Amino acid sequence: MPSSHSAVVCSFVTSTGIKEGIDSNYFVFSLVLAMVVLRDSLGVRRAAGLQAKAINSLGKQSAEKNGLEFHSVKEIQGHTPLEVLVGALLGILIAIIFSLI
């Protein structure tokens, strides 16, 4: 599944660049916003999901070993680089198609 967040922000950047021009303040703002969202989906959210998975694994092992009750934490996975790339390309393509209509 491609990243919908990547698609939305890349579509926003592309349509802003087409409508306002790449030398406008709006384009720069949308580009910075897109970089933050793309970085978040690739790095921070993915790392948090992997960390939650490790915590759940350790918690289950410890609970079984010591006879304790363990409540797992939510494993929110980020996106793989391929999912972010496909989402970004999809967003750019959609913005270009709509600008031609």
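Mentor: pLDDT is the predictor's confidence in each residue, from 0 to 100. We need that term here, since this is a predicted model.

Trainee: In which helix is confidence lowest, and in which is it highest?
Mentor: Start with the whole protein: pLDDT averages 90. Of the residues, 100% score at least 70. Confidence is lowest in helix 2, at a mean of 89, and highest, at 95, in helix 1.

Trainee: How do helix 1 and helix 2 run relative to each other, roughly parallel or roughly antiparallel?
Mentor: Their axes come within 9 Å. They cross at roughly 165°. Angles over 145 degrees count as roughly antiparallel. Helix 1 is therefore, relative to helix 2, roughly antiparallel.

Trainee: Is the crossing of helix 1 and helix 2 left-handed or right-handed?
Mentor: Look at how helix 1 passes helix 2. The crossing is left-handed.

Trainee: How many charged residues are in the contact of helix 1 with helix 2?
Mentor: Helix 1 contributes residues including His5, Val9, Phe12 and Glu20. Helix 2 meets them with residues including Tyr26, Phe27, Leu31 and Arg45. By class, this contact has eleven nonpolar residues, six polar and, as charged, two.

Trainee: At what angle do the axes of helix 1 and helix 3 cross?
Mentor: Helix 3 spans residues 81-100. The two axes come within 7 Å. The crossing is right-handed. Its angle is roughly 35°.

Trainee: How many charged residues does the contact of helix 1 with helix 3 have?
Mentor: From helix 1 come, among them, Ala7, Cys10, Thr14 and Ile18. They meet helix 3 residues including Gly87, Ala88, Gly91 and Ala95. The contact divides into eight nonpolar and seven polar residues, and the charged number none.

Trainee: Is phenylalanine 27 buried or exposed?
Mentor: Phenylalanine 27 lies in helix 2. Beyond its neighbours within four places in sequence, it contacts Val13, Thr16, Gly17, Gly21 and Ile22. Its relative accessible area is 15%. Buried means under 20%, so phenylalanine 27 is buried.

Trainee: How far apart in space are phenylalanine 27 and alanine 63?
Mentor: In sequence they are 36 residues apart. C-alpha to C-alpha, the separation in space is 52 Å.

Trainee: What is the relative accessible area of asparagine 56?
Mentor: Asparagine 56 is found in helix 2, residues 25-66. Leaving aside neighbours within four places in sequence, asparagine 56 is in contact with Phe70, Ser72, Val73 and Glu75. The residue is buried, with a relative accessible area of 3%.

Conventions:
Residues are numbered from 1 along each chain as its sequence is written. This is a predicted model: local features need pLDDT of at least 70, side-chain atom pairs count only at pLDDT 80 or more; totals for chains, interfaces and linings use all residues. Side-chain values use heavy atoms; hydrogens and water are left out. Helices (H or I, at least four residues) and strands (E, at least two) are DSSP runs, numbered from the N terminus. Buried means under 20% relative accessible area, exposed over 50%, partly exposed in between (1.4 Å probe, protein chains only). Contact means heavy atoms within 4.5 Å. Axes are lines fitted to C-alpha atoms, for helices over the stretch in contact, and angles run from 0 to 180 degrees between N-to-C directions. Angles under 35 degrees count as roughly parallel, over 145 as roughly antiparallel, 65 to 115 as roughly perpendicular and the rest as oblique. A crossing is left-handed if the near helix is turned anticlockwise from the far one by less than a right angle, and right-handed if clockwise. Ala, Val, Leu, Ile, Met, Phe, Trp, Tyr, Cys and Pro count as nonpolar, Asp, Glu, Lys and Arg as charged, and the others, Gly among them, as polar.
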